[in-house]
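Let's take a walk through a protein structure together, one piece at a time. Have the sequence and the 3D view ready as you read.

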Amino acid sequence: MMEIVSVLEKAEHGELEPCKECPWSPKKVKDIKEIAFGVSCTVHGLNWKKKSRVNSMLIVQDPGDTTPQKTGMLCAVHNAANPTDKTAQHDHDLWKATVSLDSYSAEAGGYMKSNYWTNAIMHGASKSSGRKNKKMKKMASQYCSEILALQILLLKPNIVVARGEVAVSSLYDIGLIKHRWHVLRHEFRKGAYKETAANWRGLKNITVFCTYHTSARVVNQTLSRQYQCNQKEIEKLIREKLEKLPNQKSVNCFFKKYNDTKNNARNKGMRYLLNHWLDIGVAIRASH
């Protein structure tokens with residue numbers, strides 16, 4: 001089996017077997033500038049160039065039209081510095097509040113240093129390229145699913161966090177989870193969906209969490225509405241989960257930033273996600 005460094009190098013240039021027919025492969029695109037590719041940050045996350053075992057793996061959709069399209073780097077810390085990257089800013093705030101438990105540093109506790117970021121679809125097309133449509137995205141996801149599986153096999157994560165429908169669907173396609181997005185999302189009101197793969201392709205006991213993407217559109221629209229409909233229940237669950245934390249200071253800082261749940265859609269959506277990430281954070285810390 002290849003090393004993770006080789007997998008990422010070959011994936012970047014469209015040289016893996018699944019890349020041959022992928023519509024977003026650089027081998028299929030005349031203007032390579034239309035296609036984005038990003039790899040997990042080795043400064044804040046796992047240095048996968050030297051180590052081959054991670055504690056947590058975070059999976060999102062694709063790097064098209066995102067900060068990694070310019071930087072080539074998947075990293076909540078680096079990308080949150082981009083004032084227009086709301087996805088990374090939301091990720092950063094949630095990690096600080098629920099994983100590092102430090103309102104100033106996502107790196108506190110060393111949990112991020114054993115984390116690995118990746119995409120369900122390795123390359124991403126920009127909207128302006130004309131290639132970013134549902135049909136092509138679905139095809140790219142199908143071809144990339146085995147590349148995602150290969151990364152999981154090589155890195156052997158204890159915790160896998162799939163964020164958004166595309167990432168969740170890819171985990172279903174490779175058999176890591178038993179339920180599709182439209183089924184498991186009905187559990188989201190209680191918290192993040194959780195499933196344990198007892199024996200997946202020879203790997204034992206991988207805990208998988210499924211939750212929503214943290215993009216501005218999802219947070220401000222989808223999750224804001226869901227929070228509004230279930231506010232009392234969600235806030236009750238948050239309070240119950242807070243009692244299990246060794247330190248609530250970071251969450252209190254999160255509350256101050258996302259305080260207005262009456263008039264601010266973003267704040268509503270982020271409180272909804274906090275309920276999910278309080279589940280995820282406990283698991284990441286416990287397995288570290």
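What follows is a tour that begins with a strand, moves on to the nonpolar core and some charged pairs, and ends with a helix residue and two loops.

One thing to keep in mind from the start: this is a predicted model.

Let's begin with strand 3, which covers residues 56-60. Are its residues buried or exposed? Here 5 of the 5 are buried, so the strand is largely enclosed by the rest of the structure. Look at how the side chains alternate: Ser56, Leu58 and Val60 point one way, while Met57 and Ile59 point the other way. Whichever way they point, all of them are buried.

Which strands pair with strand 3? One partner is strand 5, residues 115-119, and the two run parallel, with 5 bridges between them. The other is strand 7, residues 159-163, also parallel to strand 3 and joined to it by 4 bridges. Met57 is a handy spot for seeing both pairings. Its bridge partner in strand 5 is Tyr116, and in strand 7 it stands opposite Val160.

Now for the nonpolar core. The largest one has 91 residues, and the members that touch the most others are Trp95, Ile152, Leu171, Leu176, Trp200, Ile206 and Cys210. Helix 5, residues 134-155, gives this core its largest share, with 10 residues. To get a feel for the packing, zoom in on Leu171. Leaving aside neighbours within four places in sequence, Leu171 is in contact with Ile59, Leu148, Ile152, Val160, Ala162, Leu176, Ile177 and Val208. You've already met two of these: Ile59 is one of the buried residues of strand 3, and Val160 is the residue opposite Met57 in strand 7.

Stay with strand 7 for a moment, as Arg163 lies there too. Is this arginine buried or exposed? With a relative accessibility of 4%, Arg163 counts as buried, since the cut-off for that is under 20%. Not counting residues within four places in sequence, Arg163 has contacts that include Leu58, Ile59 and Val60, along with Thr87, Asp91 and Trp277. Further contacts of Arg163 include Thr211, Tyr212, His213 and Thr214.

One of those contacts deserves a second look. Side chains of opposite charge can pair when their charged atoms come close. Asp91 and Arg163 form a salt bridge, with their closest N and O atoms 2.5 Å apart. Asp91 lies in helix 4 and Arg163 in strand 7, so the pair ties together parts that are 72 residues apart in sequence. Both Asp91 and Arg163 are buried.

How many salt bridges does the structure hold? There are 11. Another of them links the side chains of Asp93 and Lys257, at 2.7 Å from N to O. Since Asp93 lies in helix 4 and Lys257 in helix 10, residues 249-257, this pair ties together parts that are 164 residues apart in sequence. Asp93 is buried, at 10% relative accessibility, whereas Lys257 is partly exposed, at 47%.

Then there's the salt bridge between Arg271 and Glu235, where N and O are 3.1 Å apart. Arg271 belongs to helix 11 and Glu235 to helix 9, residues 231-242, so the pair ties together parts that are 36 residues apart in sequence. Arg271 and Glu235 are both buried. Salt bridges can also share partners, and in that way Asp93, Lys96 and Lys257 are joined into one network.

Helix 11, residues 265-287, also holds Leu278. This leucine is buried, with a relative accessible area of 3%. Setting aside residues up to four places away in sequence, Leu278 touches Thr98, Ile238, Lys241, Leu242, Leu245 and Val251. Take Lys241: it is 37 residues from Leu278 in sequence, yet their C-alpha atoms are 6.7 Å apart in space.

Finally, have a look at two loop residues. Leu101 sits in the loop between helix 4 and strand 5, and it has a positive phi of about 55 degrees although it is not a glycine. Arg201, in the loop between strand 8 and strand 9, also has a positive phi without being a glycine, with a value near 50 degrees. As for their surroundings, Leu101 counts as buried at 12% relative accessibility, while Arg201 is partly exposed at 41%.

Notes
Residues numbered from 1 in each chain as written. Predicted model: local features only at pLDDT ≥ 70, side-chain atom pairs only at ≥ 80, totals over all residues. Heavy atoms only, no water. Buried < 20%, exposed > 50% of the residue type's maximum accessible area, 1.4 Å probe, protein only. Pairing = 2+ DSSP bridges. Contact = heavy atoms within 4.5 Å. Core = buried A, V, L, I, M, F, W, Y, C linked by side-chain atoms within 4.5 Å. Salt bridge = Lys/Arg side-chain N within 4 Å of Asp/Glu carboxyl O.
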